[in-house]
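Please give a brisk account of how this structure is built. Keep it readable for someone in a first year of study.

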Amino acid sequence: MGRSSVFDLLGPIMVGPSSSHTAGAVRLGAMARKILGEEPIGGTIRLHGSFAKTGKGHGTNLALIAGLLGMRPDDERIPEAIQIAKAQGLNFTFESADLGDFHPNTVQFELLGKTGGHAQIVGSSIGGGTIVIRRINDYKVEIRGDYPTLVILHQDLPGLVAQVTLLLATAQTNIARMMVSREKRGAQALMVLENDELVEDAVLVLMRRLPKIYQVLAIEPLD
Amino acid sequence: MRAYEDWVIEAETRGLKISEVVYQSEMESSQQSEQVLFQRMHKNLEVMRESVAAGLSGERRSISGLVGGDAAKVQARRKAGESLLGDTISGVIARALAVAEVNACMGKIVAAPTAGSCGVIPAVLLSVEELLQVSEKDLLLALFTSAGLGMTIAERANVSGAEGGCQAEIGSATAMAAAAAVELAGGTPRQTSDAAAIALKSMLGLVCDPVAGLVEVPCVKRNATGATIAMAAAEMALSGVRSAIPIDEVIDAMGDIGKQMPCTMKETAQGGLAITPTGRRIQADFL
């Protein structure tokens, strides 16, 4: 463990019993909702490793649903999350699954949104309530939810990264972390940009108009 | 690497409390004002008070049904004046059980340093508050002292049961509570260091072997026994008893023991109490 803040040692304020299996699970649900970009109305939630084995006693199922409903880790309605979801007509089912080589506390969401959106998200709770999103629609990412994040699907071409970052520079948006990856040279590629500021809608419109940019996903940070 | 000794020396040189050195350092690293930091710590303190009150009411049961109602039993005996340990220590036990029960029952707590060890620090500090009638400001300062020690532990070793066993979770909480109790009772920076060392030494080697992998058995009651160890360590340090091994070396030893601890004893529910006949039966009944 590296350098920390006093509030890493006294905090977070959370609903128990476990920072990784409960508080982290709420944050994973909340992050999945943000990535979907709309209110989820149903889907399948697959629990892997320790989440599958000890999730029940830690209220992991309740916590994941609470997050999908938009609750925070200190929301005292977490124990009633599944009832609340049912009352709202939402339909989530849980499965145990071996998702492969992931952290023991990992979950895969297959979500359907209110306006028909769809997303498959894999995320892990890596200790003390910290989370990391590992996959979005099968693309490898590493998003911790602490910055406004852009996920951009594009063709692997020279200059595309420069065009995207130029738009951000013009909007005075500062990049905190950045990751680029691709299937192979010239094929489909992915940019993940974690920024200090939320990217304005006008900038997103311009970005989506750039040639060979297939998809631009703007994800808000967790509270 | 961070050393608690550096904070002790800085506090002694500048004539400050450990807590003052800690929050000033936090102001610098986080670039936040004293007011913002104290407001945030105040919120922690409020939730600690609420969780003690909620747990003492004894109404909740955990999902497995194994936990709940014990804090109220200890509190009843205490209120009847029958305690074997005296009012203060039985109050420490009741409060620690209360907060740990609230956590197991999906109530709201402050992770201190973790959810599984959340009962120790509130139990010790709120009991010292009751005994010595200290101010709210002093309580907030004491929380900064405990967090400062926690940061040292997190950097030199860890505060995770999965990484270092129970000694890293409830053990760390016990040391953090002991240091804070000493400062709250008017002890010197050096005495906070001795209290922390004595407390952590008493928890070395403790494994994390939760039945069915739940934060219930033995975690809830270990919060209570950890809190009493914190009080004993604080009492010794305030009397002038020194720790032969300095706190930073005790922390390093804790980290080293955690590394050598088998995986079956690190929050995997594959060893210790978890695989006793009764532990297995509980797991089978529940899962």
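In chain B, 57% of the 287 residues are buried. Here a residue is buried if 20 or more other C-beta atoms lie within 10 Å of its own, exposed if 12 or fewer, and partly exposed in between, with C-beta atoms placed from the backbone. For chain A, buried residues make up 43% of 223.

This is a predicted model, in which local features need pLDDT of at least 70 and side-chain atom pairs count only at pLDDT 80 or more, while totals for chains, interfaces and linings use all residues. Residues are numbered from 1 along each chain as its sequence is written, and chains are lettered from A and ligands numbered from 1 in the order in which they are written.

**The two chains**

| Chain | C-alpha box along the principal axes | Contacts at separation 6 or more that join residues 24 or more apart |
|---|---|---|
| A | roughly 50 × 40 × 35 Å | 66% |
| B | roughly 60 × 45 × 35 Å | 78% |

A contact means that two C-beta atoms, placed from the backbone, lie within 7 Å.

Chain A has seven helices and eleven strands. Its radius of gyration is 18 Å, close to the 17 Å that the globule rule gives for 223 residues, so chain A is as compact as a globular protein of that length. The radius is taken over C-alpha atoms, and the rule is 2.2 Å times the number of residues to the power 0.38. Chain B also has 18 Å, which agrees with the value near 19 Å for a compact globule of 287 residues.

Chain B has 13 helices and one strand. Along the sequence, its pattern is α-α-α-α-α-β-α-α-α-α-α-α-α-α. Helices (H or I, at least four residues) and strands (E, at least two) are DSSP runs, numbered from the N terminus.

**The six-stranded sheet of chain A**

Six strands of chain A form an open sheet in the order β3-β2-β4-β5-β6-β7, with mixed pairing. Two strands pair if DSSP finds at least two bridges between them. At the edges are β3 (91-96) and β7 (139-143) of chain A, each paired on one side only. Neighbouring strands are turned by 20° against each other on average, direction ignored. Axes are lines fitted to C-alpha atoms, for helices over the stretch in contact, and angles run from 0 to 180 degrees between N-to-C directions.

Look inside this sheet. Strands β5 (118-127) and β6 (130-136) of chain A run antiparallel and are joined by six bridges. A:Gly127 stands opposite A:Thr130 in β6(A).

Which helices lie against the strands? Helix α2 (19-36) of chain A packs on the sheet, touching β2, β4, β5 and β6 of chain A. Its direction makes about 150° with that of β5(A). Helix α4 (60-68) of chain A lies across β2, β3 and β4 of chain A, at about 145° to β2(A).

**The four-stranded sheet of chain A**

Another open sheet has the order β9-β10-β8-β11 (chain A), and its pairing is antiparallel. Its edge strands are β9 and β11 (213-219) of chain A. The twist averages 10° from one strand to the next.

Strands β9 (175-182) and β10 (188-195) of chain A share seven bridges. A:Arg177 stands opposite A:Glu194. The two strands form a hairpin with five residues between them, and A:Gly186 in the turn has a positive phi of about 80°. Strand β8 (149-155) of chain A also pairs with β10(A) over seven bridges. There A:Val151 faces A:Val192.

**A helix pair in chain B**

Two packed helices are described by the angle between their axes and the distance between the axes. The axes of α5 (87-104) and α11 (219-238) of chain B come within 8 Å and cross at roughly 145°. Their contact residues divide into twelve nonpolar, two polar and one charged. Ala, Val, Leu, Ile, Met, Phe, Trp, Tyr, Cys and Pro count as nonpolar, Asp, Glu, Lys and Arg as charged, and the others, Gly among them, as polar.

**Where the chains meet**

The contact takes 28 residues from chain A and 39 from chain B. On the side of chain A, α3(A) gives the largest share, five residues. That side divides into twelve nonpolar, eleven polar and five charged residues.

Strands also pair between the chains. β1(A) and β1 (108-110) of chain B are antiparallel over three bridges. The bridge partner of A:Val15 is B:Lys108.
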